[in-house]
Amino acid sequence: MNHLKKCMLLSAAIVAALCLLYFFGTGFLKNTSVYISSFTVSEDGTQMDLRMMVSSSVGYLRKAVVHSQENGELLIDCYSAFGGINGSIGAKNEFSFSLSPETTMISLNRGAGQYEALLYKDADGIWQRIDHVTKGQVVIEEEELVREDKRLPRMALLEWENYEETNIADLLQKQGQGMMVQLQAGSLIGSGVIYDENNGVVTILTAAHVLEETDTFVCITFCDGWSTVSREYTIYEKEDLAEIRLAVEAIPEEHLKQYWRANYEKESFDALKAQDGCIAMGSKSGVAAEAYEGVILDNWIYMEDYEEYMIWARANVMPGMSGGGLFDTRGRLLGILSGGTEDGELAVIPLSVIQFLVY
């Protein structure tokens, strides 16, 4: 009888322990299905209040804590409420976080050590939602490799009747804005050009020094205001060139149809000579917001500051246009803007160098 009583007590203790584990153990589990329903930022930009919800049909939150805040990114871990799978003990959905001046991205834990970026601070210091994020290796299904309907078209060449009476820079600005982007990397604002698209991946070119403040992600804003983020890029430091990669499938169809690739031709580039007209275009104050006519000074000159052969040109430029494009008078890409002087002399990474590095 005593043995039976002991067994019953032991069973009751085990059941009680399991119940306690069920009701309270969930409160120590990270919830990876959380989304941000709304957010507000203090006037001085040092605090953000987040309202977060669970996207699954069951479960509540009780805590959201900072995993880390470095390299411009705030990583947040969220924990479920106590009370079991659908428990609400200790539940809350509003949380406050202190922001460092360098923070430009907020990401939530998605499990397996991965975080998804959901908010970013744009060039004007305004926090925005992120429509889509590409991170890690770009995965392309085999059938996508042959899908030609997804390829971005090339920009049509400029046409005019009277060159002397035509504002070529203004014409390119209007017709070519779809191939331009604005980039933000850390606190730096720069320009970029949609260079090509192969095997379902879009390649955006910029100057390497535009990315010098980041080792994590780059914010990309396209001509229609749509923004996204890429963590996939390659830097060619010696040539001051960088390529940023973005999966075509990461771009919603309604936006994709407004973008195109730069037009470039080896033959027209090889025929370039001193005194030919050109256009420098960048995205300092907005996508394709700056476009200035200029002239080629030398199509192939060794510059000691770069220890490389560059294009030497003259046109109006300003900080923030780095990474933009130098184009001929038909709108064909000649190279990527690298540096300039107060006198309007430009150092441009030549198309021939780009084609050697970028495949």
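**Notes on the predicted model**

1. To get your bearings, start with the overall make-up: the chain has five helices and 22 strands. Keep in mind that this is a predicted model. The chain runs to 359 residues, and 49% of them are buried. Its accessible surface is about 17900 Å², with 51% of that belonging to carbon and sulfur atoms.

2. How much of the contact network joins residues far apart in sequence? Among contacts with a separation of 6 or more, 62% are between residues 24 or more positions apart. A couple of the ring pairs below make good examples to look at.

3. On to the aromatics. A pair of aromatic rings is described by the distance of the centres and the angle of the planes. Searching the whole structure turns up five aromatic pairs. One of them is Y195 with Y264: the ring centres are 4.8 Å apart and the planes sit at 10°, so this pair is stacked, the cut-off being under 30 degrees. Y195 is in strand 11 (residues 188-198), while Y264 is in the loop between helix 3 (253-256) and helix 4 (266-270), so you can follow a link between distant parts of the chain, 69 residues apart. Y195 and Y264 are both buried.

4. F222 and Y259 are worth a look next. With ring centres 4.5 Å apart and planes at 20°, this pair counts as stacked. F222 sits in the loop between strand 13 (218-221) and strand 14 (227-230), and Y259 in the loop between helix 3 and helix 4, so the pair ties together parts 37 residues apart in sequence. Both F222 and Y259 are buried. Add W226 and you have a cluster: ring pairs link F222, W226 and Y259.

5. Now find I204, in strand 12 (residues 201-207). Is I204 buried or exposed? Its relative accessible area is 0%, so I204 is buried. Leaving aside residues up to four places away in sequence, I204 touches V181, G192, V193, I194, Y195, I220, F222, A242, E243 and I244. Y195 and F222, from the stacked pairs above, are among these neighbours. As for S191, 13 residues from I204 along the chain, the C-alpha atoms of the two are separated by 9.9 Å.

6. Two backbone spots may catch your eye. N199 is not a glycine, yet has a positive phi of about 50°. You'll find N199 in the loop between strand 11 and strand 12, and it is partly exposed, at 45% relative accessibility. A288, also not a glycine, has a positive phi of about 60°. A288 lies in the loop between strand 17 (277-282) and strand 18. Unlike N199, which is partly exposed, A288 is buried, with a relative accessible area of 3%.

7. What about the cysteines? A disulfide is a covalent bond between the sulfur atoms of two cysteines. The count of disulfides here is zero, going by sulfur atoms within 2.5 Å. C219 is buried, at 3% relative accessible area, whereas C223 is partly exposed, at 23%.

8. Finally, the surface. Which residues make the nonpolar patch of about 330 Å²? They are W300, Y302 and Y309. W300 belongs to strand 18 (residues 290-303). Its relative accessible area is 41%, so W300 counts as partly exposed, and it also passes the patch cut-off of over 30%.

Key. Residues are numbered from 1 along each chain as its sequence is written. This is a predicted model: local features need pLDDT of at least 70, side-chain atom pairs count only at pLDDT 80 or more; totals for chains, interfaces and linings use all residues. Side-chain values use heavy atoms; hydrogens and water are left out. Patches are made of residues with over 30% relative accessible area and no salt bridge: like charges are joined within 9 Å, nonpolar side chains (Val, Leu, Ile, Met, Phe, Trp, Tyr) within 5 Å. Accessible areas come from the Shrake-Rupley method with a 1.4 Å probe; for residues, only the protein chains shown count as cover. A salt bridge is a side-chain nitrogen of Lys or Arg within 4 Å of a carboxyl oxygen of Asp or Glu. Helices (H or I, at least four residues) and strands (E, at least two) are DSSP runs, numbered from the N terminus. Buried means under 20% relative accessible area, exposed over 50%, partly exposed in between (1.4 Å probe, protein chains only). Contact means heavy atoms within 4.5 Å. Rings of Phe, Tyr and Trp (its six-membered ring) pair if their centres lie within 6.5 Å; planes under 30 degrees apart count as stacked, over 60 as edge-to-face and the rest as tilted.
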